[in-house]
Amino acid sequence: MKSVAAFLISTLLAGAVHAATPNPDAAQIKAAHDLLAAMQAEKMMRMTAGMSKYASPEQRKQVMDKVIKLQPEFVYNKLATPVAKLLSTETALEMTRFYQSSYGKKILQDTYNSSAQLYPSTPKPTPAEQVELKKPAYLKAEKEFKANEQAIHHETFVLLKEVINGK
């Protein structure tokens, strides 16, 4: 049983290592930057700060004040390289296109502006949007993006810690 678990873990780690780009070039970093802008990563940063635990309400307020004052471009620039290491250029470009589409904007609106829901729902795509969502390039990019979404959120948390510590 232990060997099966070890095999599964090593397989997952090997996949994660394979997908990572240790030294992204300028084009990869620009694609990641554009993706972060399309995703409105500054709102993801605020969401991360809001969901974090704090020692006191005063500390929460201090952190939220710092995060709210951050310029969006600062967030995009700081996260671009770590995200470029996680996603291929093709995925970043395709997901940027998605988040700039009308349906992608609806998803972002729902993600960042909805309150807690017992049964979360995603917006319904129009027939034209459904056709776009079935294209092979999008399906491949979405799969890679979803596989790295937690790592992207982790990088956002790392940046949040840097901002809190004044680095």
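A helix here is a DSSP run of H or I that is at least four residues long, and helices are numbered from the N terminus. By that rule Phe145 sits in helix α9, residues 136–164. Keep in mind throughout that this is a predicted model.

**View 1. The whole chain, before zooming in, has nine helices and zero strands.**
Reading from the N terminus, the order of elements is simply α-α-α-α-α-α-α-α-α. Of the 167 residues in the protein chain, 34% are buried. The chain exposes about 10800 Å², and carbon and sulfur atoms supply 62% of that area. Take the contacts between residues at least 6 apart in sequence: 76% of them join residues at least 24 apart.

**View 2. Phe145 of helix α9 and its neighbours.**
Is Phe145 buried or exposed? With a relative accessibility of 1%, Phe145 counts as buried, since the cut-off for buried is under 20%. Setting aside residues up to four places away in sequence, Phe145 touches Leu35, Met39, Leu87, Thr91, Met95, Tyr99 and Ile152. Leu86 is worth finding too: its C-alpha atom is 8.7 Å from that of Phe145, although the two residues are 59 apart along the chain.

**View 3. Helices α6 and α9 cross at roughly 105 degrees.**
Two packed helices are described by the angle between their axes and the distance between those axes. Here the axes of α6 and α9 come within 9 Å. Angles from 65 to 115 degrees count as roughly perpendicular, so that is the label for α6 and α9. On the α6 side, the residues in contact are Thr91, Glu94, Met95, Phe98 and Tyr99; on the α9 side they are Ala137, Tyr138, Ala141, Glu142, Glu144 and Phe145. Sorted by class, this contact has seven nonpolar residues, one polar and three charged.

**View 4. Phe98, Tyr99, Tyr103, Tyr138 and Phe145 make up one aromatic cluster.**
How many aromatic pairs are there? The count is four. One of them is Phe98 with Tyr138, a tilted pair with 5.1 Å from centre to centre and 35 degrees between the planes. This pair links distant parts of the chain, with Phe98 in helix α6 and Tyr138 in helix α9, 40 residues apart. Phe98 is buried at 9% relative accessibility, and Tyr138 is buried with a relative accessible area of 6%. Then look at Tyr99 and Phe145: their ring centres are 6.1 Å apart and their planes lie at 65 degrees, so this pair is edge-to-face. Tyr99 belongs to helix α6 and Phe145 to helix α9, so the pair ties together parts that are 46 residues apart in sequence. Both Tyr99 and Phe145 are buried.

**View 5. Helices α6 and α7 have axes that come within 4 Å.**
Helix α6 covers residues 89–100, helix α7 covers residues 102–113, and their axes cross at roughly 80 degrees. That makes α6 and α7 roughly perpendicular to each other. From α6, the contact uses Phe98, Tyr99 and Gln100; from α7, it uses Ser102, Tyr103, Gly104, Lys105, Ile107 and Leu108. These residues divide into five nonpolar, three polar and one charged. Phe98, Tyr99 and Tyr103 should look familiar, since they are also part of the aromatic cluster.

**View 6. Glu129 in helix α8, residues 127–133.**
Glu129 is buried, with a relative accessible area of 10%. Which residues does Glu129 contact, leaving aside its neighbours within four places in sequence? They are Ser102, Tyr103, Lys106 and Lys124. Ser102 and Tyr103 turn up in the contact of α6 with α7 as well.

**View 7. Gln40, in the loop between α2 and α3.**
The flanking helices are α2 (26–38) and α3 (41–51). The backbone is the thing to look at: phi of Gln40 is near 55 degrees, a positive value in a residue other than glycine. Gln40 is partly exposed, with a relative accessible area of 24%.

**View 8. Gln62 in helix α4, residues 57–69.**
Gln62 is exposed, with a relative accessible area of 55%. How far apart in space are Gln62 and Ile164? From C-alpha to C-alpha they are 8.8 Å apart, while in sequence 102 residues separate them.

Note on methods:
Residues are numbered from 1 along each chain as its sequence is written. This is a predicted model: local features need pLDDT of at least 70, side-chain atom pairs count only at pLDDT 80 or more; totals for chains, interfaces and linings use all residues. Side-chain values use heavy atoms; hydrogens and water are left out. Axes are lines fitted to C-alpha atoms, for helices over the stretch in contact, and angles run from 0 to 180 degrees between N-to-C directions. Helices (H or I, at least four residues) and strands (E, at least two) are DSSP runs, numbered from the N terminus. Angles under 35 degrees count as roughly parallel, over 145 as roughly antiparallel, 65 to 115 as roughly perpendicular and the rest as oblique. Contact means heavy atoms within 4.5 Å. Ala, Val, Leu, Ile, Met, Phe, Trp, Tyr, Cys and Pro count as nonpolar, Asp, Glu, Lys and Arg as charged, and the others, Gly among them, as polar. Buried means under 20% relative accessible area, exposed over 50%, partly exposed in between (1.4 Å probe, protein chains only). Accessible areas come from the Shrake-Rupley method with a 1.4 Å probe; for residues, only the protein chains shown count as cover. Rings of Phe, Tyr and Trp (its six-membered ring) pair if their centres lie within 6.5 Å; planes under 30 degrees apart count as stacked, over 60 as edge-to-face and the rest as tilted.
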